[in-house]
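Please look over the sequence and the structure shown below before reading on. The report that follows takes up the parts of this protein step by step.

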Amino acid sequence: MDFNVKKLASDAGVFFSRAMQFTEEKLGQAEKTELDAHFENLLARADCTKNWTEKILRQTEVLLQPNPSARVEEFLYEKLDRKVPSRVTNGELLAQYMTEAANDFGPGTPYGKTLIKVGDTQRRLGAAERDFIHSASINFLTPLRNFLEGDWRTISKERRILQNRRLDLDACKARLKKAKAAEAKAALWSDEVEKAEHELRLTQTEFDRQAEVTRLLLEGISSTHVNHLRCLHEFVESQTNYYAQCYQYMLDLQKQLGSSKGEIFSGTFVGNAESTSPPAAATSPPGVAAATLPAVPTIPVVPTIVGVPNTVAESVLNPNEVKPPASGTRKARVLYDYEAADSTELALLADEMITVYSLPGMDPDWLIGERGNQKGKVPVTYLELLS
């Protein structure tokens with residue numbers, strides 16, 4: 001019991017001495033041992049690494065799981081060392097609803113068939129998303145989290161110890177300074193000077209040793225950057241594979257829907273610029289949402305040519321040989337530059353004005369455009385039809 005009381009009293013004395021030294025330094029009444037410039041740079045670099053790693057980790061978690069409630073649930077499971085339960089992705093849930101709706105509407109109906117096809121694609125997209133989240137969590141999030149919960153905690157602990165060693169060192173310097181000042185007035189203080197010098201040597205040794213330990217840990221931040229760089233490359237590769245899979249799945253779905261389009265909508269035409277399935281060559285430039293395109297009236301259709309069925313008109317008619325209707329053509333302003341893919345298409349320049357009209361049986365995503373003596377097919381999504 002006596003030993004514990006003495007230790008407690010000793011610890012309290014050390015704490016009080018450090019608190020006094022820290023307060024006097026803040027008030028400018030005591031000298032402070034400064035670390036060298038290289039050491040300060042290492043400290044700043046470590047703090048910067050920690051702060052940005054936290055931000056990148058948190059935002060990546062938001063990217064992979066936008067639902068905050070689900071993130072909190074996953075965090076609690078991790079802290080309790082329990083396996084996170086499998087969660088259905090939004091794509092998989094949508095696929096389930098579409099399949100059930102198709103069964104109610106009739107899987108043999110055009111709408112039911114399409115629901116089944118789209119639902120199957122959504123299921124595949126959901127599975128790809130699940131694989132991407134799993135891969136990103138293991139290859140990217142886990143190393144970042146291990147750094148913050150492992151290496152950084154060790155660095156923080158050693159930095160606190162170094163701070164205490166520095167306060168002890170400066171407190172010993174202050175006591176030695178006071179003892180020498182008193183010795184100048186009375187020779188009776190010579191013992192106090194020797195004691196203060198001995199304490200200073202001990203604290204200086206402890207401070208130097210702790211500074212070296214902390215320096216080695218801080219220099220290890222370079223290895224951390226190398227490891228995080230490798231993890232970042234793996235994250236990008238996983239994300240690339242994920243989006244490539246999604247793109248391929250959507251292309252397959254587009255082909256399936258395109259093949260059944262003629263059967264479902266044979267002989268019909270809706271010339272609206274807000275088409276939901278633009279051709280691959282007429283996709284709007286990145287960053288321009290389809291919703292921002294102005295709504296326009298239906299484009300007039302050239303009267304049906306006698307003896308030529310609508311469903312095959314596009315394949316047998318050459319746009320350059322078709323005469324425009326006597327009335328019903330419209331003016332259109334070009335929104336973006338467009339490079340013609342072949343001789344049947346008309347190249348476009350942004351902001352130019354052209355005349356457009358439709359042919360019977362044409363893909364609703366395309367129109368016939370005229371500019372002077374030039375004529376050819378143009379994508380609807382690249383145009384703003386004027387009244």
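Does F75 count as buried, partly exposed or exposed, and at what relative accessibility? The model is a predicted one, and in it F75 has a relative accessibility of 47%, so F75 counts as partly exposed. This residue lies in helix α3, which covers residues 68–79, and together with V72 and L76 it makes a nonpolar surface patch of about 290 Å².

## The overall plan

The secondary structure of the protein comes to eight helices and five strands. When the elements are read along the sequence, they follow the pattern α-α-α-α-α-α-α-α-β-β-β-β-β. The protein has 387 residues, of which 33% count as buried.

## Helix α2

Helix α2 takes in residues 37–64, and because each residue should add 1.5 Å, its 28 residues should span 40 Å, which agrees with the 40 Å that separate its end C-alpha atoms. At the N-terminal end of α2, D36 acts as a cap, with a side-chain oxygen that lies 3.1 Å from the backbone nitrogen of H38. The buried residues of α2 include F39, L42, L43 and A46 towards the beginning of the list, and also T49, T53, L57, T60 and L64.

This helix also holds a pair of charged residues, since the side chains of E54 and K50 meet in a salt bridge with an N to O distance of 3.4 Å. The two residues are four apart in helix α2, and therefore about one helical turn separates E54 from K50. Both ends of the pair can be described by their accessibility: E54 is partly exposed, with a relative accessible area of 28%, and K50 is partly exposed as well, with a relative accessible area of 21%.

## Salt bridges

Side chains of opposite charge can pair when their charged atoms come close. A search of the whole structure finds 16 salt bridges, and the table sets out three of them.

| Residue pair | N to O distance |
|---|---|
| E54 and K50 | 3.4 Å |
| D120 and R123 | 2.6 Å |
| E352 and R371 | 2.8 Å |

How many residues apart are D120 and R123 in helix α5? They are three residues apart in this helix, which covers residues 110–185, so about one helical turn lies between them. D120 is partly exposed, with a relative accessible area of 32%, and R123 is also partly exposed, with a relative accessible area of 43%.

The salt bridge between the side chains of E352 and R371 has an N to O distance of 2.8 Å. E352 lies in the loop between β1 and β2 while R371 lies in strand β3, so this pair ties together parts that are 19 residues apart in sequence. E352 is buried, because its relative accessible area is 15% and the cut-off for buried is under 20%, whereas R371, with a relative accessible area of 25%, is partly exposed. Elsewhere, salt bridges that share partners join D36, E212 and R215 into one network.

## The strands

Strand β1, with residues 330–334, pairs with β2 in the antiparallel sense over four bridges. Within this pairing, K331 stands opposite T355 of β2. Strand β2 itself consists of residues 353–357 and is mostly covered, as four of its five residues are buried.

On to the next pairing: β2 and strand β3, which holds residues 366–371, run antiparallel and are joined by three bridges. Here T355 stands opposite E370 in β3, and T355 is also the residue that K331 stands opposite. Strand β3 is mostly covered too, with five of its six residues buried.

Which strand is joined to β3 by six bridges? It is strand β4, with residues 374–379, and the two strands run antiparallel. One pair of bridge partners is made by L367 and, in β4, V378. The hairpin of β3 and β4 has two residues between the strands, and in this hairpin G372 takes a positive phi near 65°.

As a general point for reading these strands, side chains in a regular strand alternate between the two faces of the sheet.

## Drawing the parts together

Strand β3 thus pairs with β2 over three bridges and with β4 over six bridges, and R371 of β3 meets E352 in a salt bridge. D36 likewise appears in two settings, as the cap at the N-terminal end of α2 and as a member of the network with E212 and R215.

Conventions. Residues numbered from 1 in each chain as written. Predicted model: local features only at pLDDT ≥ 70, side-chain atom pairs only at ≥ 80, totals over all residues. Heavy atoms only, no water. Buried < 20%, exposed > 50% of the residue type's maximum accessible area, 1.4 Å probe, protein only. Pairing = 2+ DSSP bridges. Patch = residues over 30% accessible without salt bridge, like charges linked within 9 Å, V, L, I, M, F, W, Y side chains within 5 Å. Areas by Shrake-Rupley, 256 points an atom, 1.4 Å probe, with all protein chains shown as cover. Salt bridge = Lys/Arg side-chain N within 4 Å of Asp/Glu carboxyl O. Expected span 1.5 Å × (residues − 1). Polar contact = N/O pair within 3.5 Å; in protein donor to acceptor, adjacent residues only side chain to side chain.
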